[in-house]
Amino acid sequence: MKQTRMAALLCVLALLCACGAPLAPTAPTAPTATPARTPAKAPAAAATSAARISRAQALQDLASVTSTDFELDALDGTCVKLSDFRGKIVFLSFFTTWCGYCLEEMPHFDAMMKDNDDVVVVAVQPAPSELQIIGRLDQGDQKAAEDKARALIEKEGYGFYVLLDRDGAVFDQPLYQSSGFPANYVIDREGVLRFGQPGMLRPQDMELLLAYLRALDEP
């Protein structure tokens with residue numbers, strides 16, 4: 001029974017990767033003039049297909065990788081280690097305050113953590129210097145970035161953990177690098193990375209992932 005249920009969940013999660021949340025936006029580019037004729041759609045279709053294939057492979061590729069532990073300061077000044085949450089299902093999300101998709105998924109992350117005692121949401125804000133690497137050159141200094149994050153969290157009353165990757169040590173790790181935001185990962189109770197993809201998670205995606213992680217606990 002468990003094997004049948006797990007197989008069904010894996011199929012749904014593969015579809016989630018292939019057709020689910022939109023890819024996070026990358027750095028904006030300068031506008032270009034609209035061409036007189038509509039260009040062929042084949043290149044765009046090929047790019048979309050490649051992105052879907054990449055996402056569909058994400059679950060399999062990350063199905064049994066031990067998450068890399070890290071220790072960061074939280075907005076409230078406390079020091080938090082990822083391994084502190086062993087025994088919990090962890091949704092790890094890299095975000096920025098200028099990312100619309102990040103802001104859209106935050107209330108759903110907050111509700112999920114409040115409604116489920118076995119779930120922890122950890123949001124990590126990369127350092128502005130790291131954002132320059134992917135083309136965001138206008139983010140200001142570290143203090144300004146932290147102030148924006150603090151104002152956002154306090155205004156919305158979110159209760160999930162918000163950590164500050166001030167020196168970029170976490171975002172620089174190959175396991176967590178991404179070219180866009182948000183970048184989301186799900187880690188099981190034993191610290192094994194079970195899912196990862198660039199792009200927003202919708203509420204139904206979160207529910208499916210949570211069901212998948214809980215199914216792993218069944219005898």
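Here is a friendly exchange about how some labels in this predicted model are earned.

User: Let's start with the sheet. What makes strands E1 and E3 its edges?

Analyst: The open sheet has eight strands in the order E1-E8-E7-E4-E5-E6-E2-E3, with mixed pairing. Strand E1 (65–66) and strand E3 (79–81) each have a single partner strand, so one side of each is left without a neighbour in the sheet. Helix H6 (residues 203–215) packs on this sheet, touching strand E4 (89–94), strand E5 (119–126), strand E7 (183–187) and strand E8 (192–198). The direction of H6 makes about 140 degrees with that of E4.

User: Why do E2 and E6 count as paired, and in which sense do they pair?

Analyst: Pairing needs at least two bridges, so the two bridges between E2 (residues 71–74) and E6 (residues 161–165) qualify them as a pair. Their sense is antiparallel, and Ala74 stands opposite Leu163 in E6. On the E5 side, E5 and E6 pair in the parallel sense over five bridges, with Asp165 in E6 as the bridge partner of Pro126.

User: How do you know that Leu82 is buried?

Analyst: Buried means under 20% relative accessible area, and Leu82 has 7%, so the label fits. Leu82 is found in the loop between E3 and E4. Not counting residues up to four places away in sequence, Leu82 touches Ser67, Thr68, Asp69, Phe70, Val90, Tyr176 and Ile187. The C-alpha atoms of Leu82 and Gly191 are separated by 8.7 Å, with their positions 109 residues apart along the chain.

User: Val90 is among those contacts. Why is Val90 called buried?

Analyst: The same cut-off settles it: Val90 has 2% relative accessibility, which is under 20%, so Val90 is buried. Val90 lies in strand E4. Leaving aside neighbours within four places in sequence, Val90 is in contact with Leu82, Phe85, Val120, Val122, Tyr185, Val186 and Ile187. Of these, Val186 is 96 residues from Val90 in sequence, while their C-alpha atoms are 5.7 Å apart.

User: And what makes Gln125 buried?

Analyst: Its relative accessibility is 3%, again under the 20% limit, so Gln125 counts as buried. Gln125 sits in strand E5. Beyond neighbours within four places in sequence, Gln125 contacts Phe95, Thr97, Ala145, Glu146, Ala149, Leu163, Leu164 and Asp165. Strand E6 is mostly covered, with four of its five residues buried.

User: Now the aromatics. Why is the pair of Phe70 and Tyr176 called edge-to-face?

Analyst: The structure holds ten aromatic pairs. For Phe70 and Tyr176, the ring centres are 6.0 Å apart, which is within the 6.5 Å limit, so the rings pair. Their planes stand at 90 degrees, over the 60 needed, so the pair is edge-to-face. Phe70 lies in the loop between E1 and E2 and Tyr176 in the loop between E6 and E7, so the pair ties together parts that are 106 residues apart in sequence. Phe70 and Tyr176 are both buried.

User: What about Tyr176 and Tyr185: how do you know which kind of pair they form?

Analyst: Their centres are 5.5 Å apart, within 6.5 Å, and their planes are at 80 degrees, over 60, so this pair is edge-to-face. Tyr176 and Tyr185 are buried as well. Ring pairs link Phe70, Phe94, Trp98, Phe171, Tyr176, Phe181 and Tyr185 into a cluster.

User: On to the helices. How do you know that the span of H6 agrees with what is expected?

Analyst: At 1.5 Å a residue, the 13 residues of H6 should span 18 Å, and the end C-alpha atoms are 18 Å apart, so the two agree. The buried residues of H6 are Asp205, Met206, Leu209, Leu210, Tyr212, Leu213 and Ala215.

User: How does the reach of H3 compare with the expected value, and where does H3 bend?

Analyst: H3 (residues 100–115) has 16 residues and reaches 24 Å from its first C-alpha to its last, close to the 22 Å expected. H3 bends by about 30 degrees at Met106, and Pro107 follows within four residues. Its buried residues are Cys102, Glu105, Met106, Phe109, Asp110, Met112 and Met113. Those residues pack against E4, E5, helix H5 (142–156), E6, E7 and H6.

Definitions and conventions
Residues are numbered from 1 along each chain as its sequence is written. This is a predicted model: local features need pLDDT of at least 70, side-chain atom pairs count only at pLDDT 80 or more; totals for chains, interfaces and linings use all residues. Side-chain values use heavy atoms; hydrogens and water are left out. Contact means heavy atoms within 4.5 Å. Axes are lines fitted to C-alpha atoms, for helices over the stretch in contact, and angles run from 0 to 180 degrees between N-to-C directions. Buried means under 20% relative accessible area, exposed over 50%, partly exposed in between (1.4 Å probe, protein chains only). Rings of Phe, Tyr and Trp (its six-membered ring) pair if their centres lie within 6.5 Å; planes under 30 degrees apart count as stacked, over 60 as edge-to-face and the rest as tilted. The expected span of a helix is 1.5 Å times one less than its number of residues. The bend at a residue is the angle between axes fitted to the seven residues ending there and the seven starting there.
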